[in-house]
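Colleague: Please pick one strand and give me a close look at it. I'd like to know what it sits beside, and then how the chain around it behaves.

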Amino acid sequence: MPGPIYLSRLLTDRAMAHLEAAGRSAGRTVRVGREAPPSREELAAGLAGADAAVLTLTERVDADLLAAAGPQLRVVANVAVGFDNIDLAAARAAGVVVTNTPGVLDRASADHTFALILAVTRRIAEGDRLIRGREPWVWGPRMLVGLDVSAGATLGILGYGRIGSAVARRALAFDMRVLATSRRATPGTTADGVTFVDTETLLAESDVVSVHTPLTPQTRHLIDAAALAAMKPGAYLINTARGGVVDEEALVAALRDGHLRGAALDVFEGEPAVNPALLDAPGLVLTPHTASAGEATRDAMGILAVDNVAAVLAGNPPLTPVG
Ligand code: DGY
């Protein structure tokens, strides 16, 4: 009797139906968790004896957990493009294939990034709070004035991958000048309207800096106090990548002393906990890690994760392996 497929958290209805169909056609039962993240004990129990797992970024997978799962586990499909929640070396040592969901969330993530750029530069959340505060207000030439991104402002994209390039296309449509860092492009070259530069130039010249790097030991606190100080005075920082890429304490200090005019964060260092200092920092727009939360996108992420599991269980190569 083949082992079950374990799903740690409920996916969208379409992705759930896809998983059930995949389980049926593989002759396997599907062991389904809840909507909320499992505790470590629940995760270990869910994985025990499973041949395959569909997990989300809230599940931390390390060597101990893989050992508890058992040697029959063949594939862990992460329902996310990021995979910093999974110890890849431990998975490799355990002979477990790891997959992610690249490509299907680029547009949604770029849309959300651009929404945050506009929200923070045009002070949308501040205006909403002002009206909800029920204080009297009247139109004024100096009221809630912010940056005109489409009047020649420069956007700096740290990490020109799939999502970074989708953000660049949106910025170009808004007549922004776009700079980017990329491991694959030589500083000084231009492609598709984007000029590639080194990190120092990007920080010094951008009115808005948007972070699109994965979280790795090399990128942890890439945006630290020194990087923030190197940003143009009055600039804005956007992070829809991973919380650990930005030193939140340093960001709060840069907002408080006015060096930065604003910032927008969709991801947090201690997620889902949010550093209380962020809640009182001026000019900060916050969203709860929802950059990929488009209906079609969340369907596609779940379906791709399930297809990866189905491929591996059928003895075929995974569609989107990591590493
Ligand atoms: C990802 O896919 O890594 C996002 O952070 C969640 O959609």
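Modeller: Happy to! Two strands pair if DSSP finds at least two bridges between them; strands themselves are DSSP runs of E with at least two residues, helices are runs of H or I with at least four, and both are numbered from the N terminus. This is a predicted model, in which local features need pLDDT of at least 70 and side-chain atom pairs count only at pLDDT 80 or more, while totals for chains, interfaces and linings use all residues. Residues are numbered from 1 along each chain as its sequence is written, and side-chain values use heavy atoms, with hydrogens and water left out.

Let's settle on strand β6, residues 154–158. Five of its five residues are buried, so the strand is largely enclosed by the rest of the structure. Buried means under 20% relative accessible area, exposed means over 50%, and partly exposed is in between (1.4 Å probe, protein chains only). If you follow the side chains along β6, Thr154, Gly156 and Leu158 point one way, whereas Leu155 and Ile157 point the other way. Residues on both faces are buried.

Now for the neighbours. Strands of a sheet pair through backbone hydrogen bonds, either parallel or antiparallel. On β6 you will find two partners. With β7 (residues 177–181), β6 shares five bridges, and the two run parallel. One place to look is isoleucine 157, whose bridge partner in β7 is alanine 180. To get from β6 to β7, the chain passes through helix α7 (residues 162–173), making a right-handed β-α-β crossover. Right-handed here means that, with the strands pointing away from the viewer, the path from the first strand over the helix to the second runs clockwise. The other partner is β10 (residues 208–211), joined to β6 by four bridges and also parallel to it. In that pairing, glycine 156 stands opposite valine 209.

Step back and you can place β6 in its whole sheet. Eight strands make up this open sheet, in the order β8-β9-β7-β6-β10-β11-β12-β13, and the pairing is mixed. At the edges are β8 (190–191) and β13 (284–286), each pairing on one side only. The β8 edge shows you an antiparallel example: two bridges join β8 to β9 (residues 194–196), and alanine 191 stands opposite valine 194 there.

For a comparison elsewhere in the chain, try strand β1, residues 5–9. Five of its five residues are buried. Four bridges link β1 to β2 (residues 30–34), and these strands run parallel; leucine 7 faces valine 32 in that pair. Here the chain goes from β1 through helix α1 (residues 13–25) to β2, again as a right-handed β-α-β crossover. β1 also has three bridges to β3 (residues 52–55), running parallel, and leucine 7 has valine 54 as its bridge partner there.

Back to β6 and the loops around it. Most residues other than glycine have a negative phi, and most peptide bonds are trans. Leucine 144, in the loop between α6 (124–132) and β6, has a positive phi near 45°. Leucine 144 counts as partly exposed because its relative accessible area is 25%.

Past the partner strand β10, the loop that leads to α9 (225–230) holds threonine 216, and histidine 221 lies in the loop between β10 and α9 too. Histidine 221 has a positive phi as well, near 55°. Its relative accessible area is 27%, so histidine 221 is partly exposed. Threonine 216 is partly exposed, with a relative accessible area of 27%. If you want a distance to check on screen, the C-alpha atoms of threonine 216 and alanine 171 are separated by 27 Å, and these residues are 45 apart along the chain.

One last backbone detail sits further along, in the loop between β12 (260–265) and α11 (276–279), where you will find proline 272. The peptide bond from glutamate 271 to proline 272 is cis, with omega near 5°.
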